[in-house]
Amino acid sequence: MSSRIFEDELTASTVFKDMNVLSPHYVPKELPYRKNEIKQVTKVMSSVLLDVKPLNIFLYGKTGTGKTSVVKTVLRELELVVSDPLRNKSGMLSYGVYMNCRLGYNSKYQILLKILEDHQLNTDKISEKPLKGVRNNTLGGRSPTELYAKLQKVVQANALHLIIVLDEIDMVRDLNDLLYTLTRVNDQIEPVKIGERNRRGSVSIIGISNKHSFKNALDPRTKSTLLGEEIVFKPYNANQLKTILANRVREGFKKGSISASNIGLIAAFAAQTNGDARYALRLLQKAGEIAQSNKRKRVKKEDVQTAKSKIEEDIIHELITTLPEHQQIVLYAISDLVLRGGQYRRLSDLPGDILFSGEVYEGYEKVCKSLSRNPRTMRWFGEYLKELEMLGLVTLSLSGSGVRGTTTLIRLGASAEEIKKMVSISLGLLFSEKSIK
DNA sequence: CCTCCACAGGAAGCGCAGGAGT
DNA sequence: ACTCCTGCGCTTCCTGTGGAGG
């Protein structure tokens, strides 16, 4: 092997120009079809320039509808304005901290720490000096009360307008506590004299969630102190997705490597799955990769189709391997029973792939036994089934007439062979087929 | 019609782990 | 380092539901 493997790799790209553009974290300069949302957020945030605390904002919408990108765009713009002495004549100071609560920032403590640490790294963009009260000592091993006091001090001493973006806010465990704490900072901040004027800092929250229901979990006391703007993001339709994709193709693909009709096909596929732009981009990238691995310069229609099934497989695979063990066992039992057509079919006119919860539970118990695990009770088994349904791995329906009592009928959401194979690998099944009777 | 069956699913409680307060 | 607190995963117990079968 020569030492040119890296060079070879770089020149090997037949379709891509810039892969970064296709990453889900990339925020393009222009966000098509989100002008209104950007405007709404900007309007609220602009009060920073008048030295007034912005209202809290909550953004809802399914995944891949542009919530995070909109917030990042506005914050980026705000930062530009604030750091430019010509546009920010009175020298207001604001700073946005972004964090995704699912990635480790899921408790009050972690979030406070992140806010302060983020700050420590940053300096006052106007005077190029560190912010007051930041660099006194390190933050490790502090109690939450200390962190809180420090946060309050930093915000107050610099008359700072702090904007905290909590993405996937529903993942925070002690959310009530956190929100209460953060909003309370505002009541305790005293004005400070900067220049010839009295100024007062503030803390605002931008919450992002894909569950509209998460608000119900808040206790009414925090809810009332929180009230602010609420913006709902609608899914993109196929046409809008097409434009979004076309923009990315222009930046990320080599010229002429994918046709408009294939972009349209990807958009149509993505529109079927909730209008998720992230999914659309993933499809686009995968289709490009397939074309590239076949050493072709153009993406073909079949590439898009194989990309789609590959991604669906990937999604199911990831879903299954991250499932708790007992849910995997339940899935195994279901797929196994489907393949052998049920244990004791009590109804002849039902399709063979429909199972009763009773027989599945028995199958589940057997698999547990052969894996030497303690089976969960039936009560909990029912909850497992519901979770599997949420993930789209099974579909459930209640039995109607023809069946004794009220039972759940279970059907697999994908091919039984495939699911059984994936679960077996994931569980590391060592027992032989015969050992389960 | 009554009873039994085959479950669903609510309520309460239990043990554990990890985080917070001291 | 220590206890206390809280959330979570789970079990136990129980009531409800609606067709099957005598």
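# Close-up views of a predicted model

**View 1. Strands E8 and E10 form an antiparallel pair.** Two bridges join E8 to E10, and the pairing is antiparallel. Phe356 has Leu409 of E10 as its bridge partner. The model shown here and in every other view is predicted.

**View 2. The three-stranded sheet is open and antiparallel.** Its strand order is E8-E10-E9. The edges are E8, residues 355–356, and E9, residues 394–398, and each of these strands pairs on one side only. Helix H12, residues 325–339, packs on this sheet and touches E8, E9 and E10. The direction of H12 makes about 85° with that of E10.

**View 3. E9 meets E10 in the antiparallel sense.** E10 covers residues 408–412, and five bridges link it with E9. Two facing positions can be picked out in this pair. Leu398 stands opposite Thr408 in E10. Val394 stands opposite Leu412, also in E10. Thr408 has a second role: it is listed with Tyr109, Ser357, Gly358 and Gly405 as coming nearest to DNA strand B.

**View 4. Five parallel strands make an open sheet.** The order runs E2-E3-E6-E1-E7, with parallel pairing. Strand E2 (93–100) and strand E7 (229–232) are the edge strands, each paired on one side only. From one strand to the next, the twist averages 15°. As a general point, the strands of a sheet pair through backbone hydrogen bonds, either parallel or antiparallel.

**View 5. E1 and E6 pair within the five-stranded sheet.** Strand E1 spans residues 57–60 and strand E6 spans residues 202–209. Four bridges hold the parallel pairing of E1 with E6. Phe58 stands opposite Gly207 in E6. Helix H2, residues 35–45, packs on the sheet and touches E1 and E7. The angle between the directions of H2 and E7 is about 165°.

**View 6. Residues of chain A surround DNA strand B.** There are 17 residues around the strand, and Tyr109, Ser357, Gly358, Gly405 and Thr408 come nearest. Four helices give two or more residues each to this surface: H4 (108–120), H5 (144–157), H13 (357–370) and H14 (378–390). Which element gives the largest share of the surface near DNA strand B? The answer is H14, with three residues. By class, the surface residues divide into four nonpolar, 10 polar and three charged.

**View 7. Cys368 sits in helix H13.** The residue is found in that helix. Is Cys368 buried, partly exposed or exposed? Cys368 counts as partly exposed because 18 other C-beta atoms lie within 10 Å, while a buried residue needs 20 or more. Setting aside residues up to four places away in sequence, Cys368 touches Ile329, Arg373, Asn374 and Pro375. Ser23 is 345 residues away along the chain, and its C-alpha atom is separated from that of Cys368 by 41 Å.

**View 8. Ser372 has a positive phi.** Its phi is near 45°, and the residue is not a glycine. Ser372 lies in the loop between H13 and H14. Ser372 is classed as exposed because it has 7 C-beta neighbours inside 10 Å, and the limit for exposed is 12 or fewer.

**View 9. Tyr33 also has a positive phi.** Here phi is about 65°, again in a residue that is not a glycine. Tyr33 is found in the loop between helix H1 (5–11) and H2. With 17 other C-beta atoms within 10 Å, Tyr33 is partly exposed.

**View 10. Leu166 belongs to the largest nonpolar core.** That core has 41 residues. Val71, Ile164 and Leu166 touch the most other members. Beyond its neighbours within four places in sequence, Leu166 is in contact with Met99, Cys101, Val172, Ile205, Gly207 and Ile208. Another core, of 26 residues, lies apart from the largest one; Val15, Tyr236, Leu283 and Val299 are among its members.

**View 11. Chain A in overview.** The secondary structure comes to 15 helices and 10 strands. Chain A has 437 residues, and buried residues make up 32% of them. Among contacts with a separation of 6 or more, 72% join residues 24 or more positions apart.

Methods. Residues are numbered from 1 along each chain as its sequence is written. Chains are lettered from A and ligands numbered from 1 in the order in which they are written. This is a predicted model: local features need pLDDT of at least 70, side-chain atom pairs count only at pLDDT 80 or more; totals for chains, interfaces and linings use all residues. A residue is near a molecule or strand if its C-beta atom, placed from the backbone, lies within 6 Å of it. Ala, Val, Leu, Ile, Met, Phe, Trp, Tyr, Cys and Pro count as nonpolar, Asp, Glu, Lys and Arg as charged, and the others, Gly among them, as polar. Two residues are in contact if their C-beta atoms, placed from the backbone, lie within 7 Å. Two strands pair if DSSP finds at least two bridges between them. Axes are lines fitted to C-alpha atoms, for helices over the stretch in contact, and angles run from 0 to 180 degrees between N-to-C directions. A nonpolar core is a set of buried Ala, Val, Leu, Ile, Met, Phe, Trp, Tyr and Cys residues joined through C-beta atoms within 7 Å.
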